[in-house]
Amino acid sequence: MKLAVVADDLLKKELMSSGPVAGVELIWLDAASALINHRDADAVIDLLFQGKETEITFLKNFLPVPVIINDVNKKPEEIIPGFIRINGWPTFLKREIIECSNSSEETKKAGERIFSALGKKANWVPDIAGFITPRIIALIINEAYLAMEEEVSTKEEIDTAMKLGTNYPYGPFEWAEKIGFKKIHDLLIILSEKESRYQPAPLLIKAATEKN
């Protein structure tokens with residue numbers, strides 16, 4: 001199996017955290033435009049997907065070959081038929097399970113073969129903005145920022161309490177740093193259109209603006 005993967009060094013390291021996989025030829029690219037030279041690939045994986053119309057139009061040219069994109073923010077009405085969306089936020093690709101969505105059973109089977117070849121298991125979730133895990137993590141991070149604004153505790157103490165009390169791999173502020181403040185902020189904005197509890201905390205908005 002030949003897979004063309006668009007990724008930066010961090011996401012490449014996370015995807016391959018379980019070690020090399022037998023029987024898979026991986027072609028690593030730093031931009032989606034470079035995929036043009038690899039039309040013979042059995043699948044295309046774009047972990048740097050930004051959701052721009054030019055990207056979407058370009059990637060559609062590879063269908064019906066499986067096209068897998070790192071995209072948790074699409075609303076149901078924005079879903080791209082044929083694409084497999086995955087949660088490829090930093091820290092999540094290291095897991096054995098890949099959170100993904102698609103409505104076609106045939107496409108799902110193709111995706112499962114690809115994920116299996118990479119040593120991963122597909123966890124198919126509803127085709128909604130935020131999937132499941134990103135929604136929960138974004139909300140937890142937002143609540144931590146609200147708690148800090150209310151001077152409930154310090155950033156360091158909240159991180160420590162969450163790691164010790166819930167066995168999370170990272171505290172909420174540490175996790176936000178690793179995932180990216182803008183990713184968290186942008187998902188919260190989309191989710192807050194229907195549920196006000198997702199409205200980003202002022203300090204999180206500030207962090208997303210400063211770090212952008």
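These are my notebook entries on helix packing, enclosed space and backbone geometry in a predicted model.

**Entry 1. α4 against α5**

I began with helix α4, residues 133-149, and looked up its partners one at a time. The partner in this entry is helix α5, which covers residues 155-166. I noted an angle of about 140 degrees for this pair, with the axes 10 Å apart. Angles over 145 degrees would count as roughly antiparallel, and I therefore entered α4 and α5 as oblique to each other. The crossing of α4 past α5 is right-handed. On the α4 side I listed I140, A144, A147 and M148, and on the α5 side K155, I158 and M162. By class, I wrote down 6 nonpolar residues, no polar ones and 1 charged one for this contact.

**Entry 2. α4 against α6**

Next I looked up helix α6, residues 172-179. Its axis lies 9 Å from that of α4, and the two helices pack at an angle of about 125 degrees. The range for roughly perpendicular ends at 115 degrees, so I put α4 and α6 down as oblique too. Here α4 passes its partner in a left-handed crossing. From α4, the contact takes in I137, I140, I141, A144, Y145 and M148. From α6, I found P172, F173, W175, A176 and I179. Sorting the residues of this contact gave 11 nonpolar, with no polar and no charged residues.

**Entry 3. α4 against α7**

What angle do the axes of α4 and α7 make where they cross? I have it as roughly 100 degrees, with the axes coming within 10 Å. That value falls between 65 and 115 degrees, and the pair is therefore roughly perpendicular. The α4 residues in the contact are P134, R135, A138, L139, I141, N142 and Y145. Opposite them, α7 provides F181, I184, L187, L188 and L191. My class tally for this contact is 10 nonpolar, 1 polar and 1 charged.

I also cross-checked my lists for α4. I141 and Y145 appear in the contact with α6 and again in the contact with α7. I140, A144 and M148 appear in the contact with α5 and in that with α6.

**Entry 4. Cavity**

How many cavities of 30 Å³ or more are there? I count 1. The space in the largest cavity comes to about 50 Å³. Its lining is made up of L15, I45, L47, I68, I86, L93, I98, F115, L118 and K120. I sorted this lining into 9 nonpolar residues, no polar ones and 1 charged one.

**Entry 5. Pocket**

I then turned to the largest pocket, which has a volume of about 750 Å³. I recorded 30 lining residues, with F49, Q50, N73, K183 and D186 nearest the centre. Four helices, α1 (9-15), α2 (53-60), α7 (181-192) and α8 (202-211), each give at least two residues to this lining. Which of these has the largest share? It is α7, with 5 residues. By class, the pocket lining holds 13 nonpolar, 7 polar and 10 charged residues.

**Entry 6. Backbone**

I finished with two backbone details. Most peptide bonds are trans, and most residues other than glycine have a negative phi. The bond from L63 to P64, however, is cis, and I noted its omega as near 10 degrees. I placed P64 in the loop between α2 and β4, the latter covering residues 67-70. F131 has a positive phi, near 50 degrees, and is not a glycine. I found F131 in the loop between β7, residues 121-124, and α4.

Conventions:
Residues are numbered from 1 along each chain as its sequence is written. This is a predicted model: local features need pLDDT of at least 70, side-chain atom pairs count only at pLDDT 80 or more; totals for chains, interfaces and linings use all residues. Side-chain values use heavy atoms; hydrogens and water are left out. Axes are lines fitted to C-alpha atoms, for helices over the stretch in contact, and angles run from 0 to 180 degrees between N-to-C directions. Angles under 35 degrees count as roughly parallel, over 145 as roughly antiparallel, 65 to 115 as roughly perpendicular and the rest as oblique. A crossing is left-handed if the near helix is turned anticlockwise from the far one by less than a right angle, and right-handed if clockwise. Contact means heavy atoms within 4.5 Å. Ala, Val, Leu, Ile, Met, Phe, Trp, Tyr, Cys and Pro count as nonpolar, Asp, Glu, Lys and Arg as charged, and the others, Gly among them, as polar. On a 1 Å grid over the protein atoms alone, a cavity is a set of points where a 1.4 Å probe fits but cannot get out, and a pocket is an open set with protein on both sides within 12 Å along at least five of seven lines; lining residues have an atom within 4 Å of a point. Grid points are joined across faces, edges and corners, and a volume is the space filled by probe spheres set on the points.
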